[in-house]
Amino acid sequence: MWIAIVRDVSPAINRCELAYLDREEIDAARAVEQHRRYQDCLRDLGLRVIELPAEAAYPDAVFVEDPVVVVDEAAVMTRPGAESRRGEAASLARAIEPYRPLRWMREPATLDGGDVLWMGKTIFVGQSERTNAAGIAQLSIELEPFGYRVQPVPVHGCLHLKSGVCSLGEETVLINRAWVDAEPFRGMTVVDVPAAEPWAADVLTIGRTVIMPECFPQTRSIIEHLGWDVRPVDVSEFMKAEGAVTCLSVVFEI
């Protein structure tokens, strides 16, 4: 069975952290509806969705992926790069603990789950504004005993690694090379997003289905022509907060 942990939208989402985008007003009610439809999409694909209550004190808490890295053998609770987000982990840890042994990162490490791309036994980790060298080193220490190799990836011009590259399955990645160094993915099939859709690389692949923002028709066409089924969803309000489809859930198998 596949699990997806999500967290309801904080009423304070308009105070979210921003790094690369100018602040726009987020329609909180519309965000709630978009989040509900995102959950419906996950359920339609057969996932069991665990819905955590909103965290009013944490504007970014809906981006539930960032405080944790989950692999088959364990869950590493991260130390997010934005200090304002470090209180999000406690309630998330309680939700994950029934399914995975927990590990905890320590200062001076910082690492966001949005910087972590798990492909087989390789864990690609973005070197970004939110994830530092100590965070990458601690993640490696925690995961190497299980046979994982941690591969740093330079990231420029976007918030997280998965803002610029995500897995399409079958040793294939969707990438924006302007933001992410493609060299670490040498040997894989590398699919470029169109220049007109630089934010389109953030996609969530579940089996043969790719969940992606509905506002990137060129990228959708490319993915469909490669043989994947595409489920477009409206996440426009979350994109104003530098989020997209991967960061709104923690997906793992039990």
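What is the volume of the largest pocket? In this predicted model, that volume comes to about 890 Å³. If you would like to find the pocket on screen, look for Trp2, Trp118, Leu204, Thr205 and Val251, which are the closest to its centre among the 34 residues that line it. Several elements give two or more residues to this lining, namely β3, β6, β9, β12 and β15 (250–253).

Let us follow one of these elements, strand β9, a little further. Four of the five residues in β9 (residues 165–169) are buried, so the strand is largely enclosed by the rest of the structure. Its partner is strand β10 (residues 172–175), which runs antiparallel to β9 and is joined to it by four bridges. Together the two strands make a hairpin with two residues between them, and Glu170 in the turn has a positive phi of about 55 degrees. Across this pairing, Cys166 of β9 stands opposite Leu174 in β10.

Leu174 is a good place to pause. Beyond its neighbours within four places in sequence, Leu174 is in contact with Gly164, Val165, Cys166 and Leu168, and also with Val191, Asp192, Val193, Ala200, Ala201, Val203, Thr219 and Ile223. Leu174 also belongs to the largest nonpolar core, which has 39 residues; the members that touch the most others are Leu42, Leu168, Leu174, Val203, Ile211, Ile223 and Phe238. At least two residues of this core come from each of β1 (2–7), α1 (28–44), β9, β12 (204–206), β13 (209–213), β14 (229–233) and α6 (236–239). The largest share, four residues, is supplied by α1. Another core lies apart from this one, with 16 residues that include Ile50, Val68, Ala89 and Ala95.

Back in helix α1, you will come across His35. Buried here means under 20% relative accessible area, and His35 counts as buried because its relative accessibility is 2%. Leaving out residues up to four places away in sequence, His35 touches Val6, Arg7, Asp8, Val9, Val62, Phe238 and Leu248.

Our last stop is helix α3 (residues 133–143). At its start, a side-chain oxygen of Asn132 comes to within 3.2 Å of the backbone nitrogen of Ala134. Along the helix, the buried residues are Gly135, Ile136, Gln138, Leu139, Ser140, Glu142 and Leu143. What covers them includes a series of strands: β3 (68–70), β4 (75–77), β5 (102–104), β6 (116–119), β7 (122–127) and β8 (149–154). Two of these, β3 and β6, also give residues to the lining of the largest pocket, which brings us back to our starting point.

Key
Residues are numbered from 1 along each chain as its sequence is written. This is a predicted model: local features need pLDDT of at least 70, side-chain atom pairs count only at pLDDT 80 or more; totals for chains, interfaces and linings use all residues. Side-chain values use heavy atoms; hydrogens and water are left out. Buried means under 20% relative accessible area, exposed over 50%, partly exposed in between (1.4 Å probe, protein chains only). Two strands pair if DSSP finds at least two bridges between them. A nonpolar core is a set of buried Ala, Val, Leu, Ile, Met, Phe, Trp, Tyr and Cys residues joined through side-chain atoms within 4.5 Å. Contact means heavy atoms within 4.5 Å. A polar contact is a pair of N or O atoms within 3.5 Å; within protein, one must be able to donate a hydrogen and the other to accept it, and residues adjacent in sequence count only if both atoms are side-chain atoms. On a 1 Å grid over the protein atoms alone, a cavity is a set of points where a 1.4 Å probe fits but cannot get out, and a pocket is an open set with protein on both sides within 12 Å along at least five of seven lines; lining residues have an atom within 4 Å of a point. Grid points are joined across faces, edges and corners, and a volume is the space filled by probe spheres set on the points.
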